[in-house]
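This briefing goes through helix packing, the nonpolar cores and a few single residues. Please keep the sequence and the 3D view open alongside the text.

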Amino acid sequence: MSRGARFIGSIGSALACGAAAVGLAGCGAGSRPATAAVPGTTTVTTTATTTTTTTTTATTTATTTVSLPGTGRPPVTIGDENTPEQFVLGQLYYQALKAEGFAVSLNQSIGPTQVILQALANGQLAMYPEYLNTWDTSVAGTQDASRSLREAYLSGQHYALRHGLELLSETPFSDTSAIAVAFDYAVENQLQSIPDLIKMSHLTLGGPPQFQQSPGGLPALQSTYGVVPSTFTPLELGSQYQALDQGRVQAAVVQTTDPQLLSGSYPLLHDPADIFGWGNIVPVASARALDAEGPDFEATINRVSALLTLPTMRELNAQVQLDGQDPAAVAAQFLEQEGLLPASSSSTSTSNTTSTG
């Protein structure tokens, strides 16, 4: 039975697989119980005639070498896109697969969507991590906003299966746009959710220039919540937090995985209607590659995905974007801590990677 037919038969439990991956993550690639040799033992039996009989029993333990799951599988290439967060994600999946014995290469900055889809179709690429929002709107062409993560996932999965692809389990974290305010401003004005902004007589909203015209941006704020800022101030990516600190804007469009949010100084306003959608990562894989690489290939990817909570992703992003650390080193340290990578692997984590800028 093909992967597509099998998945369609069990599509109702697609997200349950993601939950099961969380359980698998606890097992990871941890150490196996050591088999200890049993030392020789001596038994002494004394009879009434004072005749002594000595019996010695020796036990030996055989050592068996077990091949890693990916040993002998065809060489495979995975990719990531050209952002710091994607560089971290690519390294996480690449290093975890390599640790399981897969002959894997990492193609960094794999290019625009059409190039990626062509590479998946012709076998040059086996998997890449994509944001569910992006997949559904830019690839699957979904027009109507999904009302839930499940609906968004199944919509994207139906498209994938019809095109020889498959969405693997989604990550717990979701990277979408959000509205942030300064902590003191939120307290003073009792702001907890986006609709609370309606009561502000003067509101300057700052964000990327495209947010002002994008259907999922300012127009959605206005039509869904009735929020109409007095002024919209275009801001360069990364400058939103400084603008909030300086009071140049009262609210700012940010991303939910921004590392600056770790400080607690910029609360995100609740989005009750989920107008910003679902930005969970779904690894997109070709069905042909999944068949060739075997079930452990998919299981390894899902184990990594299950570990990526929102606080975890913000912390990994902070190490790269704020501290200037190398994404490969950050990924190796995280995987070691989670038991998916032996401690010695960090020194060789950057091998077999290419960039197509």
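In this predicted model, helix α5 passes helix α6 in a left-handed crossing. The axes of α5 (residues 132-139) and α6 (residues 149-162) come within 10 Å and cross at roughly 50°. The two helices are therefore oblique to each other.

**Contact of α5 with α6**

- From α5, the residues that take part are L132, W135, D136 and V139.
- From α6, the contact draws on L149, A152, Y153, S155, G156, Y159 and A160.
- Sorted by class, the residues of the contact of α5 with α6 are 8 nonpolar, 2 polar and 1 charged.

**Overall make-up**

- The protein has 13 helices and 12 strands.
- It contains 357 residues, of which 46% count as buried.
- Among contacts with a separation of 6 or more, 75% join residues 24 or more positions apart.

**Nonpolar cores**

- In soluble globular proteins, nonpolar side chains tend to be buried together.
- The largest nonpolar core here has 36 residues, and I78, L92 and Y93 have the most contacts inside it.
- Helix α3 (residues 84-99) gives the most to this core, with 7 residues.
- Another core, of 23 residues, lies apart from the largest one; L205, A220, Y225 and V227 are among its members.
- Leaving aside residues up to four places away in sequence, I78 touches G90, Y93, Y94 and L97, and also V104, S105, L106 and N107.
- The remaining contacts of I78, counted in that way, are with L125, M127 and F297.

**Packing of α3 with α12**

- Two packed helices are described by the angle between their axes and the distance between the axes.
- For α3 and α12 the angle is about 110° and the axes are 10 Å apart.
- Roughly perpendicular covers 65 to 115 degrees, and α3 and α12 therefore count as roughly perpendicular to each other.
- The α3 side of the contact is P84, E85, V88, L89 and L92.
- The α12 side is M313, L316, N317, V320 and Q321.
- This contact of α3 with α12 divides into 7 nonpolar residues, 2 polar and 1 charged.
- L92 thus appears both in the contact with α12 and among the residues with the most contacts inside the largest core.

**Packing of α12 with α13**

- Helix α12 (residues 310-322) and helix α13 (residues 327-337) have axes 9 Å apart, at an angle of about 140°.
- Roughly antiparallel would need an angle over 145 degrees, and α12 and α13 are therefore oblique to each other.
- The crossing of this pair, α12 and α13, is right-handed.
- T312, L316, Q319 and V320 of α12 meet P327, V330, Q333 and F334 of α13.
- The contact of α12 with α13 has 5 nonpolar residues, 3 polar and no charged.
- L316 and V320 of α12 are listed in the contact with α13 and also in the contact with α3.

**L335 and P342**

- L335 is located in helix α13 and is buried, with a relative accessible area of 0%.
- Not counting residues up to four places away in sequence, L335 touches L92, Q95, A96, V304, L340 and L341.
- L335 and Q95 are 240 residues apart in sequence, yet their C-alpha atoms are 8.2 Å apart in space.
- P342 belongs to the loop between α13 and β12 (353-355).
- The relative accessibility of P342 is 45%, and P342 therefore counts as partly exposed.
- With residues up to four places away in sequence left out, P342 touches A99 and E336.
- A332 and P342 are 10 residues apart along the chain, and 9.1 Å separates their C-alpha atoms.

**Positive phi outside glycine**

- Most residues other than glycine have a negative phi, and most peptide bonds are trans.
- S109, not a glycine, has a positive phi of about 55°.
- S109 sits in the loop between β4 (104-108) and α4 (113-122) and is buried, at 6% relative accessible area.
- Q190 likewise has a positive phi, near 50°, and is a residue other than glycine.
- The place of Q190 is the loop between α7 (183-189) and β8 (204-207).
- Q190 is exposed, with a relative accessible area of 62%, whereas S109 is buried.

Conventions: Residues are numbered from 1 along each chain as its sequence is written. This is a predicted model: local features need pLDDT of at least 70, side-chain atom pairs count only at pLDDT 80 or more; totals for chains, interfaces and linings use all residues. Side-chain values use heavy atoms; hydrogens and water are left out. A nonpolar core is a set of buried Ala, Val, Leu, Ile, Met, Phe, Trp, Tyr and Cys residues joined through side-chain atoms within 4.5 Å. Buried means under 20% relative accessible area, exposed over 50%, partly exposed in between (1.4 Å probe, protein chains only). Helices (H or I, at least four residues) and strands (E, at least two) are DSSP runs, numbered from the N terminus. Contact means heavy atoms within 4.5 Å. Axes are lines fitted to C-alpha atoms, for helices over the stretch in contact, and angles run from 0 to 180 degrees between N-to-C directions. Angles under 35 degrees count as roughly parallel, over 145 as roughly antiparallel, 65 to 115 as roughly perpendicular and the rest as oblique. A crossing is left-handed if the near helix is turned anticlockwise from the far one by less than a right angle, and right-handed if clockwise. Ala, Val, Leu, Ile, Met, Phe, Trp, Tyr, Cys and Pro count as nonpolar, Asp, Glu, Lys and Arg as charged, and the others, Gly among them, as polar.
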